[in-house]
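Q: Could you take a close look at one part of this structure for me and walk me through how it fits together? I would enjoy one connected account.

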Amino acid sequence: MKLHELTYTKGSRHSRKRIGRGTGSGQGETAGRGEHGQKSRSGGAVRVGFEGGQNPLYRRLPKRGFSNAPFKKNYAIVNVEQLNRFKDGDVVSTEVLIESGLVSKEKDGIKILGNGTLDRKLTIKAHKFSKSAIVAIENKGGSIEVL
């Protein structure tokens, strides 16, 4: 069998429905939307959580408690393996990480994680380090500096 002899299994491919095309398609006139009502009209979808004007569930239930989500810190993450692109003995700071394209924004800080292996001796300046990242960096003779 050659590449130009390959074919799809019978019944595995369907032609798309050509909706609202009159005779032959079976999808003419109302185009499969039924007769009347909001859903038959263009732009006629209701928003998520809408209950036909009845007070929706998310407004009926009491709002209680405290969420720390707005105060959560989001760190830009860099894995140890990604740091192999720098030369032996380099000082890797937040500015260097942004210039190299490893991090697009600093966010609330940069966190170095220990995924992968490090092949170079580097001095790394970041806001946070995982325990495995510290071990990986120091095993290669590098050093860390917490900002």
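A: Strands β3 and β5 run parallel and are joined by 2 bridges. This is a predicted model, so please read what follows as a description of that model. Across the pairing of β3 with β5, Lys111 stands opposite Lys128, and Ile112 stands opposite Phe129.

On its other pairing, β3 is joined to strand β1 (residues 76–79) by 4 bridges, and these two strands also run parallel. Here Lys111 turns up again, as the bridge partner of Ile77. Put together, the strands make an open sheet of 3 strands in the order β1-β3-β5, with parallel pairing. Because β1 and β5 each have a single partner strand, they stand at the edges, and one side of each is left without a neighbour in the sheet.

Now for the side chains of β3. In a regular strand, side chains alternate between the two faces of the sheet. Strand β3 (residues 110–113) shows this alternation: Ile110 and Ile112 point to one face and are buried, while Lys111 and Leu113 point to the other face and are not buried.

Just past the end of β5 there is a residue that ties in nicely with this strand. Ser130 sits in the loop between β5 (128–129) and α3 (131–139). Its relative accessibility is 14%, which is under the 20% cut-off, so Ser130 counts as buried. Leaving aside neighbours within four places in sequence, Ser130 is in contact with Lys111, Ile112, Leu113 and Gly114. Among these partners, Lys111 is 19 residues away from Ser130 in sequence, yet the C-alpha to C-alpha distance between the two is 7.6 Å. Lys111 therefore appears in several roles here: bridge partner of Ile77, opposite Lys128 in β5, and in contact with Ser130, with a side chain on the face of β3 that it shares with Leu113.

Definitions and conventions
Residues are numbered from 1 along each chain as its sequence is written. This is a predicted model: local features need pLDDT of at least 70, side-chain atom pairs count only at pLDDT 80 or more; totals for chains, interfaces and linings use all residues. Side-chain values use heavy atoms; hydrogens and water are left out. Buried means under 20% relative accessible area, exposed over 50%, partly exposed in between (1.4 Å probe, protein chains only). Contact means heavy atoms within 4.5 Å. Two strands pair if DSSP finds at least two bridges between them.
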